[in-house]
Each structure stands twice: as C-alpha cells, then as structure tokens.
Amino acid sequence: IIKITTGAPESISDYTKVLLKVEIQAPFLAVGKFLEKLEQSDLLTEVVQVDVTRVDPELKRCTVKIELYSYAARSSVTTD
C-alpha cells in the first residue's frame, strides 16, 4: 500500500458513504483478485474508478489507484 485517503462522510438516506482512494503497487493478478473479493464480500461498496499503470512489461508489478465508496448503515437512536 502506497497511500490511503478518505473524503468527507456524506449522508444518503439511511447510510453514510465515504470516498476511499487507495494507491497500491502489486502484481496485476493480485489486484484482480482483490477486486473480485471486494465484489463478493458483504461490504456495501461501489467502485468508482480503477487506474492501472504498468511498472514492468509483463504486469508482474503495477501501480493501481482505486476510488471507491464505502457505505455504512446509520443506526437510528430513539429516546423515550
């Protein structure tokens, strides 16, 4: 992992969404497996953009920038 940054939380209906920007350097196939696991997980996410830059000709190493939204359900608090 090279860098992770987050945006300001946004309220949407019953959820809070946060933009995550992740920059990594890894083998191309490992990045694909990560995205596949993310897609299959129970986490509420939305991949917005994926940029891949080759570091070596055979894609054994590449720099990847991923922008995604992570959603979290807001709990409702009731007072009696």
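This section describes the largest pocket, a nonpolar surface patch, a salt bridge and several individual residues of a predicted model.

The largest pocket of the predicted model encloses about 240 Å³ of space. Its lining is made up of 15 residues, and those that lie nearest the centre of the pocket are V22, F34, L38, I66 and L68. Three elements each give two or more residues to this lining, namely strand 3, which spans residues 15-26, helix 1, which spans residues 28-40, and strand 5, which spans residues 62-73. In composition, the lining of the largest pocket divides into 13 nonpolar and 2 polar residues, with no charged residue among them.

On the surface, a nonpolar patch is formed by F28, L29, V47, V50 and V52, which together present about 420 Å² of accessible area. The elements that give two or more residues to the nonpolar patch are helix 1 and strand 4, the latter running over residues 44-54, and it is strand 4 that supplies the largest share, with 3 residues. Helix 1 thus appears both among the elements that line the largest pocket and among those that contribute to the nonpolar patch. Of the patch residues, F28 is found in helix 1 and has a relative accessible area of 38%, so that F28 is classed as partly exposed, a class that lies between the limits of 20% and 50%.

Another residue of helix 1 is L35, for which the relative accessibility is 23%, and L35 therefore also counts as partly exposed. The separation between L35 and I12 amounts to 23 residues in sequence and to 24 Å in space, taken from C-alpha to C-alpha. A sequence separation of 23 residues also holds for E46 and Y69, whose C-alpha atoms are 5.0 Å apart in space. E46 has its place in strand 4, the element that gives the largest share of the nonpolar patch, and because its relative accessibility is 36%, E46 counts as partly exposed.

Towards the start of the chain, I1 lies in the segment that precedes strand 1, the strand formed by residues 3-6. The relative accessibility of I1 is 75%, and since this value is over 50%, I1 counts as exposed. Between I1 and F28, which are 27 residues apart along the chain, the C-alpha atoms are separated by 14 Å; F28, as noted above, is a member of the nonpolar patch.

S13 is situated in the loop that connects strand 2, comprising residues 10-12, with strand 3. The backbone of S13 has a phi angle near 50 degrees, which is a positive value in a residue other than glycine. With a relative accessible area of 60%, which is over the limit of 50%, S13 is therefore classed as exposed. Strand 3, at the far end of this loop, is in turn one of the elements that give two or more residues to the lining of the largest pocket.

With respect to charged side chains, the count of salt bridges in the predicted model comes to 1. This salt bridge is formed where the side chains of E58 and K60 meet, at a distance of 3.4 Å from N to O. Both of its partners, E58 and K60, are exposed.

Definitions and conventions: Residues are numbered from 1 along each chain as its sequence is written. This is a predicted model: local features need pLDDT of at least 70, side-chain atom pairs count only at pLDDT 80 or more; totals for chains, interfaces and linings use all residues. Side-chain values use heavy atoms; hydrogens and water are left out. On a 1 Å grid over the protein atoms alone, a cavity is a set of points where a 1.4 Å probe fits but cannot get out, and a pocket is an open set with protein on both sides within 12 Å along at least five of seven lines; lining residues have an atom within 4 Å of a point. Grid points are joined across faces, edges and corners, and a volume is the space filled by probe spheres set on the points. Helices (H or I, at least four residues) and strands (E, at least two) are DSSP runs, numbered from the N terminus. Ala, Val, Leu, Ile, Met, Phe, Trp, Tyr, Cys and Pro count as nonpolar, Asp, Glu, Lys and Arg as charged, and the others, Gly among them, as polar. Patches are made of residues with over 30% relative accessible area and no salt bridge: like charges are joined within 9 Å, nonpolar side chains (Val, Leu, Ile, Met, Phe, Trp, Tyr) within 5 Å. Accessible areas come from the Shrake-Rupley method with a 1.4 Å probe; for residues, only the protein chains shown count as cover. A salt bridge is a side-chain nitrogen of Lys or Arg within 4 Å of a carboxyl oxygen of Asp or Glu. Buried means under 20% relative accessible area, exposed over 50%, partly exposed in between (1.4 Å probe, protein chains only).
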